[in-house]
Amino acid sequence: MDTVSWLDISASALRHNIDQLQRAAGPKAQLCVMVKGNGYGHGLISAARGFVAAGVPWLGVADLPEIEALRAAGVDAALYSVAWLPPWQVERAVALDARFVLYDPTVLEAAAAAARATGKVARVHVKVETGNNRQGLRHADAVALCRQIAATPGVELEGLTTHFADIEDTTDHGFARSQLTRFRACIDEVRAVLGLPPEGHPDDRLLCHCSNSAAILLWPEVCGQ
């Protein structure tokens, strides 16, 4: 006998949860909700529309097909691809006004070419490796790549990011704290090297982000990093 499974999601409960996260993060923090992996099995388009309706300004995706599907469905929220984009897909991503993580100079070259071809700014977020050992560049290499981006016409360093390895372990946050220390040191050097305004300055436009759901709830004081 065939069986059918379904999941009912309350729109009002979703809005309540988003409101609670925003309250914990603070009024200046911009929430980015992950809808990658087909909305973690809940449907890419329906999940994205639900979060946008709840007031979420950013959506996180993992590849170009997800970017294309969301734009085709009329989702106009800021899209941020958290996974490496192959150079040959970058032009399409830029044309669709998507941001993407960057830690590969060949992708930077593709971003510059895409900016020339589309007439749009390629907005990138450099990934700093602080201890997760999955993506990104160590401190010195990350700073060097940021220098290169600043000297590349058509490409904008919109943000810096990293990823915690084990902040969900509530018994010991020592390693996560050391990651945050390394990330902040890299942020400070990038600001100094590029002559960017300090954090909190009215002209500060650099988005520094690392807070997943656990960090928002456990360390609300670091939201925005």
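Helices H7 and H8 cross in a right-handed way. Bear in mind as you look that this is a predicted model. H7 covers residues 139-150 and H8 covers residues 174-194, and their axes come within 10 Å, crossing at roughly 30 degrees. If you want to find the contact on screen, start from the H7 side with His139, Ala142, Val143, Cys146, Arg147 and Ala150. Across from them, H8 brings in Arg182, Ala185, Cys186, Glu189, Val190, Val193 and Leu194. Sorted by class, the residues of this contact come out as nine nonpolar, one polar and three charged.

Now turn to the sheet. It's an open one with seven strands, paired in parallel, and the order is easy to remember: S1-S2-S3-S4-S5-S6-S7. The edges are strand S1 (32-34) and strand S7 (207-209), each of which pairs on one side only. Going from one strand to the next, the twist averages 30 degrees. What holds such strands side by side? Strands of a sheet pair through backbone hydrogen bonds. For a closer look, try S4 (residues 98-102) and S5 (residues 122-127): these two run parallel and are joined by three bridges. Leu102, for instance, has Val126 as its bridge partner in S5.

Two helices are worth tracing over those strands. Helix H4 (residues 64-72) lies across strand S2 (58-61), strand S3 (78-81) and S4. Relative to S3, H4 runs at about 170 degrees. Further along the chain, helix H6 (residues 105-118) lies across S4, S5 and strand S6 (155-161). Here the angle is about 155 degrees, taken against S4.

Next, the empty spaces. How many cavities of 30 Å³ or more does the structure hold? There is one. The largest cavity contains about 50 Å³ of space. Around it you'll find Lys127, Val128, Glu129, Thr130, Asn132, Arg134 and Gln135, along with Thr162 and His163. In this lining, one residue is nonpolar, five are polar and three are charged.

The second largest pocket, with a volume of about 280 Å³, is another place to stop. Its lining has 16 residues, and those closest to the pocket's centre are Ile9, Leu14, His42, Ala47 and Phe51. Which elements give two or more residues to this lining? They are helix H1 (11-25), helix H2 (36-40) and helix H3 (44-53). H3 gives the most, with five residues. By class, the lining of this pocket has 10 nonpolar residues, five polar ones and one charged one.

Notes: Residues numbered from 1 in each chain as written. Predicted model: local features only at pLDDT ≥ 70, side-chain atom pairs only at ≥ 80, totals over all residues. Heavy atoms only, no water. 1 Å grid on protein atoms, 1.4 Å probe; cavity = no way out; pocket = protein on both sides within 12 Å on 5 of 7 lines; lining within 4 Å. Points joined across faces, edges and corners; volume = space filled by probe spheres on them. Nonpolar A, V, L, I, M, F, W, Y, C, P; charged D, E, K, R; others polar. Pairing = 2+ DSSP bridges. Helix = DSSP H or I, 4+ residues; strand = E, 2+ residues; numbered from the N terminus. Axes fitted to C-alpha atoms, helices over the stretch in contact; angles between N-to-C directions. Contact = heavy atoms within 4.5 Å. Left-handed = near helix turned anticlockwise from the far one by under 90°.
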